[in-house]
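Welcome, and please have your viewer ready. We will go from selection to selection, with a short note on what to look for at each stop.

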Amino acid sequence: MKILVTAGPTREPIDAVRVLSNRSSGLMGVAVAAEAAQRGHETTLLLGRGATHRPDASIHCRPFDTAAELADLLRTCFPQADMLIMAAAVADFIPEPTDRGAKMSRHDGPCTLTLHPAPDLVADVAAGKRSDQTIIGFALEPAADLPERAAAKLAQKGLDAIVANPLEAMESTQISGMFISADGQIVYAPTDLPKNKFAIWLLNQAEQFCSP
Ligand code: CTP
């Protein structure tokens with residue numbers, strides 16, 4: 001298959017030197033891309049420049065900073081893909097444009113940031129996908145009602161499947177997730193898998209999901 005993976009955080013500029021970002025390390029998506037490539041899938045990784053984990057040089061990788069840059073890359077790369085695995089931690093809010101060429105001075109403060117909701121990138125891609133393409137999203141939710149909230153996100157965004165993982169997975173090297181498909185089937189991964197082992201488990205689910 002041709003597999004497109006997104007990973008890592010977006011970074012939205014506040015001014016010339018500051019950004020609004022999140023704590024995603026990129027580890028999960030990088031591990032998924034490495035496993036997909038290892039299995040012989042033609043793999044492209046769209047990776048946030050803020051990610052602390054990098055793939056090895058054999059992985060075809062394209063960097064992004066902002067949600068708008070990631071949206072552009074998805075527009076370019078998704079039409080050629082059989083499958084999109086959307087592990088990137090995309091901004092939910094984008095700072096209102098300021099004078100990006102300047103650096104705000106501490107002496108001008110206090111100041112207020114106005115944040116606007118970001119577009120839902122994976123939902124936009126899903127809205128235009130072909131029937132021969134598969135989109136797998138990720139959902140980071142409180143452990144208490146993880147399956148219900150993740151299934152609701154899957155439906156809202158028009159995805160084929162979603163990998164649900166508890167908030168605690170952020171910045172952790174381990175994960176206890178589940179694979180939920182649009183028909184309501186839930187497959188639980190073994191608990192507390194290191195993310196590289198989870199990537200193997202996830203690719204098994206994804207390949208099985210796509211096999212006729
Ligand atoms: N996502 C996206 N565009 C956004 C936000 C999220 O494409 N602006 C994608 C993520 O890459 C992930 C899925 O949507 O595959 C779920 O992300 P999550 O952060 O769990 O959900 P949100 O859509 O941000 O919803 P909420 O803020 O209500 O948690």
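Begin with the ligand and strand E9: with four residues, E9 gives the most to the shell around the ligand. Keep in mind as you look around that this is a predicted model.

**Stop 1: the shell around the ligand**

Now widen the selection to the 15 residues around the ligand; those that come nearest are Ala-88, Asp-92, Val-122, Lys-153 and Lys-157. Colour the shell by class and you should find ten nonpolar residues, one polar and four charged. To see which elements take part, show H3, E9 and H4, each of which supplies at least two residues of this shell.

**Stop 2: backbone contacts**

Switch on the backbone atoms and draw three distances. At Ala-88, a backbone N or O atom lies 2.8 Å from an oxygen atom of the ligand. Next, go to Pro-119, where a backbone N or O atom is 2.9 Å from a nitrogen atom of the ligand. Finish at Leu-121, with a backbone N or O atom 3.1 Å from a nitrogen atom of the ligand. On its own the ligand has 570 Å² of accessible area, and the protein covers 74% of that.

**Stop 3: the largest pocket**

Which pocket does the ligand take up? Its space is the largest pocket, so hide the ligand and turn on a surface to view the site empty. About 910 Å³ of space lies in this pocket. Select the 41 residues that line the pocket, and pick out Ala-88, Ala-89, Val-90, Phe-138 and Leu-140 as the closest to its centre. Helix H1 (27–38), helix H3 (121–127), strand E9 (134–141) and helix H4 (146–157) are the elements that give two or more residues to this lining. Here too E9 deserves a look of its own, since E9 gives the most to the lining of the largest pocket, with four residues. Coloured by class, the lining of the largest pocket shows 24 nonpolar, eleven polar and six charged residues.

**Stop 4: the second largest pocket**

For the last stop, select helix H2 (67–77) together with H3; each supplies at least two residues of the lining of the second largest pocket. The volume of this pocket is about 210 Å³. Its lining has 13 residues, and Ala-71, Leu-74, Arg-75, Asp-124 and Val-125 lie nearest the centre. Class colouring of the second largest pocket gives seven nonpolar, two polar and four charged residues.

Methods. Residues numbered from 1 in each chain as written. Predicted model: local features only at pLDDT ≥ 70, side-chain atom pairs only at ≥ 80, totals over all residues. Heavy atoms only, no water. 1 Å grid on protein atoms, 1.4 Å probe; cavity = no way out; pocket = protein on both sides within 12 Å on 5 of 7 lines; lining within 4 Å. Points joined across faces, edges and corners; volume = space filled by probe spheres on them. Nonpolar A, V, L, I, M, F, W, Y, C, P; charged D, E, K, R; others polar. Near = heavy atom within 4 Å. Polar contact = N/O pair within 3.5 Å; in protein donor to acceptor, adjacent residues only side chain to side chain. Areas by Shrake-Rupley, 256 points an atom, 1.4 Å probe, with all protein chains shown as cover. Sits in = over half its atoms within 2 Å of the grid points.
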